[in-house]
Amino acid sequence: MHTRRVEHRARAGRSPIRDVEIRDETIRLGQLLKLAGLVEHGAAAREVLEAGEGTVNGRDETRRGRQIVPGDVVALAGERIRVQRPAS
């Protein structure tokens, strides 16, 4: 059963979700993209977001300052990341 679900995601073009830990309650979207290695610097984050290439929880997002909280899923350039707090 699990295998079918993975195959379905692959056919739909959805990548697996990679968890990224943050130490605070929130993080700005641009900072998260840098932390996750999806962009090299803030200017690159601004460019890709303004071009409409990023989503947060499945919705288009163009604001690099958007506050992201644990549980949010961010997608950019074919990668998906989910924000997590470190285990205590």
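**Figure 1. The largest nonpolar core of the predicted model comprises 19 residues.** Within this core, the residues with the most contacts are Leu 29, Leu 32, Leu 33, Val 39, Ile 68, Val 74 and Ile 81. At least two core residues come from each of four elements: helix H2 (29-35), helix H3 (42-50), strand S6 (73-76) and strand S7 (79-84). Helix H3 makes the greatest contribution to the core, supplying 4 residues.

**Figure 2. Surroundings of Leu 33, one of the core residues with the most contacts.** When neighbours within four places in sequence are set aside, Leu 33 is in contact with Leu 38, Val 39, Ala 45, Leu 49, Val 74 and Leu 76. Among these partners, Val 39 and Val 74 are also listed with the residues that have the most contacts inside the core.

**Figure 3. Salt bridges join strand S1 to strand S7.** The structure contains 5 salt bridges, and two of them are presented here. In one, the side chains of Arg 18 and Glu 79 meet at 3.3 Å, N to O. This pair connects distant parts of the chain, with Arg 18 in strand S1 (residues 17-21) and Glu 79 in strand S7, 61 residues apart. Arg 18 is partly exposed, at 34% relative accessibility, and Glu 79 is likewise partly exposed, with a relative accessible area of 34%. In the other, Arg 82 pairs with Asp 19, and the closest N and O atoms are 2.8 Å apart. Here too distant parts of the chain are linked: Arg 82 belongs to strand S7 and Asp 19 to strand S1, 63 residues apart. Arg 82 has a relative accessible area of 27% and is therefore partly exposed; the value for Asp 19 is 43%, so this residue is also partly exposed.

**Figure 4. A network of salt bridges links Glu 61, Arg 63 and Arg 66.** Between Arg 66 and Glu 61, the closest N and O atoms of the salt bridge are 2.8 Å apart. Glu 61 is buried, with a relative accessible area of 5%, whereas Arg 66 counts as partly exposed at 23%.

**Figure 5. Asp 72 is buried and has no salt bridge.** This residue is located in the loop between strand S5 (67-68) and strand S6. The nearest side chain of opposite charge is that of Arg 66, 4.6 Å away; a salt bridge requires the nitrogen and the carboxyl oxygen to be within 4 Å, which means that this separation does not qualify. The side chain of Asp 72 instead has other polar partners: a polar contact of 2.9 Å with the side chain of Asn 57, and an approach to the backbone nitrogen of Val 69 at 3.0 Å. Apart from neighbours within four places in sequence, Asp 72 is in contact with Val 56, Asn 57, Gln 67, Ile 81, Arg 82 and Val 83.

**Figure 6. Asn 57 and Ala 77 have positive phi values although neither is a glycine.** Phi of Asn 57 is near 55°, and that of Ala 77 is about 55°. Asn 57 occupies the loop between strand S3 (54-56) and strand S4 (59-60), while Ala 77 is found in the loop between strands S6 and S7. Asn 57 is partly exposed, at 42% relative accessibility; Ala 77 is exposed, with a relative accessible area of 70%. The side chain of Asn 57 is also the one that makes the polar contact with the side chain of Asp 72.

Technical notes:
Residues are numbered from 1 along each chain as its sequence is written. This is a predicted model: local features need pLDDT of at least 70, side-chain atom pairs count only at pLDDT 80 or more; totals for chains, interfaces and linings use all residues. Side-chain values use heavy atoms; hydrogens and water are left out. A nonpolar core is a set of buried Ala, Val, Leu, Ile, Met, Phe, Trp, Tyr and Cys residues joined through side-chain atoms within 4.5 Å. Buried means under 20% relative accessible area, exposed over 50%, partly exposed in between (1.4 Å probe, protein chains only). Contact means heavy atoms within 4.5 Å. Lys and Arg count as positive and Asp and Glu as negative; His and the chain ends are not counted. A polar contact is a pair of N or O atoms within 3.5 Å; within protein, one must be able to donate a hydrogen and the other to accept it, and residues adjacent in sequence count only if both atoms are side-chain atoms.
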